[in-house]
Amino acid sequence: MYLPDPGAVFASDTHRRVLCHLPLPGEDFTDLQSLGRRISGDTHHGLTSVDELAGVLTELEDEGFAETSGSEWRMAKAGLDAIN
């Protein structure tokens, strides 16, 4: 179980943190391993595995906050709007 999102916008604080590490809309997509390395510096992300990261990304995509090109990810416009 993840900590609640402080702004009560996302499913959890982890979802918000993962989204914030994604490339912005219009930028190149990033692969799961690169994203995992990028987010590893965030000691409060709450993730325990790459599979768990993939699950959070899928949930963000289902909510319209992230988008995928199949195996790579980036923030969707709705995600950027929600962060702002």
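Start by selecting the charged side chains in this predicted model. The chain has 6 positive and 15 negative charges, and their mean positions lie 7 Å apart.

Next, show the whole chain as a cartoon. It contains 4 helices and 3 strands. Followed from the N terminus, the elements come in the order α-β-α-α-β-β-α. The radius of gyration is 11 Å, close to the 12 Å that the globule rule gives for 84 residues, so the chain is as compact as a globular protein of that length. Switch to the C-alpha trace: along its principal axes the trace spans about 30 × 25 × 20 Å.

Now select the strands. How are the 3 strands ordered in the sheet? They form an open sheet in the order β1-β3-β2, with antiparallel pairing. Select residues 30-31 for β1 and 66-68 for β2; these are the edge strands, and each pairs on one side only. In general, strands of a sheet pair through backbone hydrogen bonds, either parallel or antiparallel.

Add residues 72-75, which make up β3. Between β1 and β3 there are 2 bridges, in the antiparallel sense. To look at one pair, pick Thr-30 and then its bridge partner in β3, Trp-73.

Finally, turn on the surface. The accessible surface of the chain is about 4,800 Å², and carbon and sulfur atoms account for 51% of that area. Hide the surface again to look inside: of the 84 residues, 36% are buried. Then display contacts between residues at least 6 apart in sequence; 52% of these contacts join residues at least 24 apart.

Conventions:
Residues are numbered from 1 along each chain as its sequence is written. This is a predicted model: local features need pLDDT of at least 70, side-chain atom pairs count only at pLDDT 80 or more; totals for chains, interfaces and linings use all residues. Side-chain values use heavy atoms; hydrogens and water are left out. The radius of gyration is taken over C-alpha atoms; the globule rule is 2.2 Å times the number of residues to the power 0.38. Buried means under 20% relative accessible area, exposed over 50%, partly exposed in between (1.4 Å probe, protein chains only). Contact means heavy atoms within 4.5 Å. Accessible areas come from the Shrake-Rupley method with a 1.4 Å probe; for residues, only the protein chains shown count as cover. Lys and Arg count as positive and Asp and Glu as negative; His and the chain ends are not counted. The place of a charge is taken as NZ of Lys, CZ of Arg, CG of Asp or CD of Glu. Two strands pair if DSSP finds at least two bridges between them.
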